[in-house]
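Reader: Please give me a close look at a single part of this one: the strand pairing and whatever sits around it. I do computational chemistry, so keep it informal but don't skip the cut-offs.

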Amino acid sequence: MSAYIEKFVQFCDSEFGKKVMKKEAEYVYNELRNYRKILDVGCGLGSFEQNLPSLNIIGLDISKEILEKARKRSDKTFVQGKAEELQFKDSTFDAVFTVTTLEFLDDYQNAVKEIARVTKPKGKLLVMLLNPKSEYFREEIKKPGDYFKRIKHYNLKEIRDYISLFYTIIKEENFLGIRGNHVFDTDDERYSSLYVIVGINMERDV
Ligand SMILES: C[S@@+](CC[C@H](N)C(=O)[O-])C[C@H]1O[C@@H](n2cnc3c(N)ncnc32)[C@H](O)[C@@H]1O
């Protein structure tokens, strides 16, 4: 198993990781519970699929190894694919979400473009990005071999502005306070480990 997947498995299975995931899953549930067909881009170990059994989610990830693990954790459908070249037809999904993935991609712009293409007009997009200004992020990235070091895009506003070319942004907020192992509600940028963007897909010419 590659070292980073091993670390990610340890994180997801830790008490701390479970607390983080519970909060994130609640957020996704509240935003997407009324949407029928949902795509999770960069689904990783399938934690959302596992935690949100009532939602009709397809998990997509580039890593075959991680998908094998996801399939052992949830009965939902998982597909191997590349965010920048999605294998779905136009307007396939009512909603798409992507959690701590876009900022790691070389070409997040093509991923956003592709996500918009496969989302129905007026469908929803929910994006969660790591907040590099948070205490949690600044502590984690100091650790040798930390996955956060692989981040390619630190400018969240730039990602937001690109998303706004395809989606009408209806919500933007700091989310998920972390201090040490304590997970709490806050919108204080210093402690919010995530930045959330929610948008509605614009009508487009076909
Ligand atoms: C930090 S993990 C987040 C996993 C999951 N969303 C979560 O929050 O638990 C980022 C995931 O994106 C996947 N990934 C990286 N590049 C990708 C790409 N080009 N297309 C699709 N998935 C990709 C990785 O394999 C990894 O599982």
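Author: First, the labels: helices (H or I, at least four residues) and strands (E, at least two) are DSSP runs, numbered from the N terminus. The model is predicted, so local features need pLDDT of at least 70 and side-chain atom pairs count only at pLDDT 80 or more, while totals for chains, interfaces and linings use all residues. Residue numbers start from 1 along each chain as its sequence is written.

Now the sheet. Eight strands form an open sheet in the order β3-β2-β1-β4-β5-β8-β6-β7, with mixed pairing; two strands pair if DSSP finds at least two bridges between them. β3 and β7 (182–184) sit at the edges with a single partner strand each, so each has one side without a neighbour in the sheet. On average, neighbouring strands are turned by 20° against each other, direction ignored. Such angles come from axes fitted to C-alpha atoms, for helices over the stretch in contact, and run from 0 to 180 degrees between N-to-C directions.

Start at the β3 end. β2 and β3 run parallel and are joined by four bridges, and L60 has V79 in β3 as its bridge partner. Between the two strands the chain passes through helix α4 (residues 64–73), and this β-α-β crossover is right-handed (clockwise from the first strand over the helix to the second, with the strands pointing away from the viewer).

Further along the sheet, β5 and β8 run antiparallel, held by seven bridges. Here L125 stands opposite G199 in β8.

Two helices are worth a look against these strands. α7 packs on the sheet and touches β5, β6 and β8, and its direction makes about 10° with that of β8. α5 lies across β1, β4, β5, β6 and β8, running at about 145° to β5. Contact here means C-beta atoms, placed from the backbone, within 7 Å.

Which residues of α5 are buried? They are Y108, A111, V112, E114, I115 and A116, where buried means 20 or more other C-beta atoms within 10 Å, exposed 12 or fewer, and partly exposed in between. Their cover includes β1 (38–41), β4, β5 (119–130), α7 (156–163), β6 (167–179) and β8 (192–201).

On to the loops beside β4. S91 is in the loop between β3 (77–80) and β4 (93–99), and T100 is in the loop between β4 and α5 (108–118). S91 has a positive phi of about 55° without being a glycine, and T100, also not a glycine, has a positive phi near 45°. Most residues other than glycine have a negative phi. S91 counts as partly exposed because it has 15 C-beta neighbours inside 10 Å; T100 has 18 other C-beta atoms within 10 Å, so T100 is partly exposed too.

Before β2 (57–61) there is another loop, running from α3 (47–51), and S54 is found there. S54 is exposed because just 7 other C-beta atoms lie within 10 Å. The C-alpha atoms of S54 and R33 are 8.4 Å apart, with their positions 21 residues apart along the chain.

Last, helix α1 (residues 3–13) holds E6. E6 has 10 C-beta neighbours inside 10 Å, so E6 counts as exposed. From E6 to Q80 the separation is 74 residues in sequence and 19 Å in space, C-alpha to C-alpha.
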